[in-house]
Amino acid sequence: MKKITLLLMMLIISCRTVAITTTDSRRNMNVKPGKYKLISENNDIKAKFLGKIIDYKLNKIGFSTANDKYDFLIKFNYTVTDSREIKSAYSYTNPYGYTTTTFNNTKLYIKYLKIVIEDNKSNLLWESQSNEEGWCPNIISTSPELVVSIFQNFPNDSINVRREFNDYNGETSEIKSAFSDTNWSCQ
């Protein structure tokens, strides 16, 4: 009996939710894969890394990188904002009847990633934004989930699409393996 309980607990822990994203996408014109130039509206080390993940995903869906003659200009930006604070309490009563209560305050953050695709004449073709709320303010920790969410219905419209990711999601695991030297934890 103890082995079955332990096995069930390990299964529950191994399939824990890593991120829950919400995504909105809007298409103005049809977008078929072609050559693109990627630029970030943020100018920092995290934006450079996000660009690598976006490049990886774009190449997986059939796009190819071009710096001079391109069909699409793909822009992205990200933000991290304070969201709210969760207050919780946990009580434990020991065998002698004494109760201990522990109070916790957890600050939550919302991480946003937006990607816009324009043609080489600056006409808006497609745009998508995904967000994830969690206790970690580091956008890198859930960047694979945000990028996968943005392109999950590409190039179609989607409004308020919620997606839950666990440790064993194939698409995000593939990205994490491709960038295996990255620390995906919240540091």
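1. Start with two helices: α2 and α3 are oblique to each other, because their packing angle is about 40° and angles under 35 degrees are what count as roughly parallel. Their axes lie 10 Å apart, and α2 passes α3 in a right-handed crossing. Keep in mind while you look at this that the model is predicted.

2. Who makes that contact? From α2 come F49, L50, I53, I54, K57 and L58, and from α3 come S143, V147 and F151. Sorted by class, the contact of α2 with α3 holds 7 nonpolar residues, 1 polar and 1 charged.

3. Now zoom in on I54, which sits in helix α2. I54 counts as buried because its relative accessible area is 0%, and buried means under 20%. Setting aside residues up to four places away in sequence, I54 touches L38, F76, I115 and V147. For a sense of the fold, try S149 too: I54 and S149 are 95 residues apart in sequence, yet their C-alpha atoms are 12 Å apart in space.

4. Helix α3 deserves a look of its own. How many of its residues are buried? The count is 9 of 9, so α3 is mostly covered. If you want to colour them in, the buried residues of α3 are S143, P144, E145, L146, V147, V148, S149, I150 and F151.

5. α3 (residues 143–151) also packs with α4 (residues 170–178), at an angle of about 130° and with the axes 9 Å apart. That makes α3 and α4 oblique to each other, because roughly antiparallel would need an angle over 145 degrees. The crossing of α3 and α4 is right-handed.

6. In this second contact, P144, E145 and V148 of α3 meet E171, T172, I175 and K176 of α4. The residues here divide into 3 nonpolar, 1 polar and 3 charged. Put that next to the contact of α2 with α3, which has 7 nonpolar, 1 polar and 1 charged.

7. Next, the inside. What is the size of the largest nonpolar core? It has 30 residues, and the ones with the most contacts inside it are V31, F72, L113, I115, I117, W126 and F151. At least two core residues each come from α2 (45–60), β4 (72–93), β5 (99–119), β6 (124–134) and α3. Which element gives the most to this core? That would be α2, with 6 residues.

8. Two of those well-connected core residues tie back to earlier points. F151 is on the α3 side of the contact with α2, and I115 is among the residues that I54 touches.

9. F72 is worth clicking on as well. Not counting residues up to four places away in sequence, F72 touches V31, K32, P33, G34, K35, Y36, K37, F63, I117, E118, D119 and L125. Of these, V31 and I117 are also listed among the core residues with the most contacts.

10. Last stop: T182, in the segment after α4. Is T182 buried or exposed? Its relative accessible area is 19%, and the cut-off for buried is under 20%, so T182 is buried. Leaving aside neighbours within four places in sequence, T182 is in contact with F49 and I140. F49 is a residue we already met on the α2 side of the contact with α3. As for N59, it is 123 residues from T182 along the chain, and 20 Å separates their C-alpha atoms.

How values were computed. Residues are numbered from 1 along each chain as its sequence is written. This is a predicted model: local features need pLDDT of at least 70, side-chain atom pairs count only at pLDDT 80 or more; totals for chains, interfaces and linings use all residues. Side-chain values use heavy atoms; hydrogens and water are left out. Axes are lines fitted to C-alpha atoms, for helices over the stretch in contact, and angles run from 0 to 180 degrees between N-to-C directions. Helices (H or I, at least four residues) and strands (E, at least two) are DSSP runs, numbered from the N terminus. Angles under 35 degrees count as roughly parallel, over 145 as roughly antiparallel, 65 to 115 as roughly perpendicular and the rest as oblique. A crossing is left-handed if the near helix is turned anticlockwise from the far one by less than a right angle, and right-handed if clockwise. Contact means heavy atoms within 4.5 Å. Ala, Val, Leu, Ile, Met, Phe, Trp, Tyr, Cys and Pro count as nonpolar, Asp, Glu, Lys and Arg as charged, and the others, Gly among them, as polar. A nonpolar core is a set of buried Ala, Val, Leu, Ile, Met, Phe, Trp, Tyr and Cys residues joined through side-chain atoms within 4.5 Å. Buried means under 20% relative accessible area, exposed over 50%, partly exposed in between (1.4 Å probe, protein chains only).
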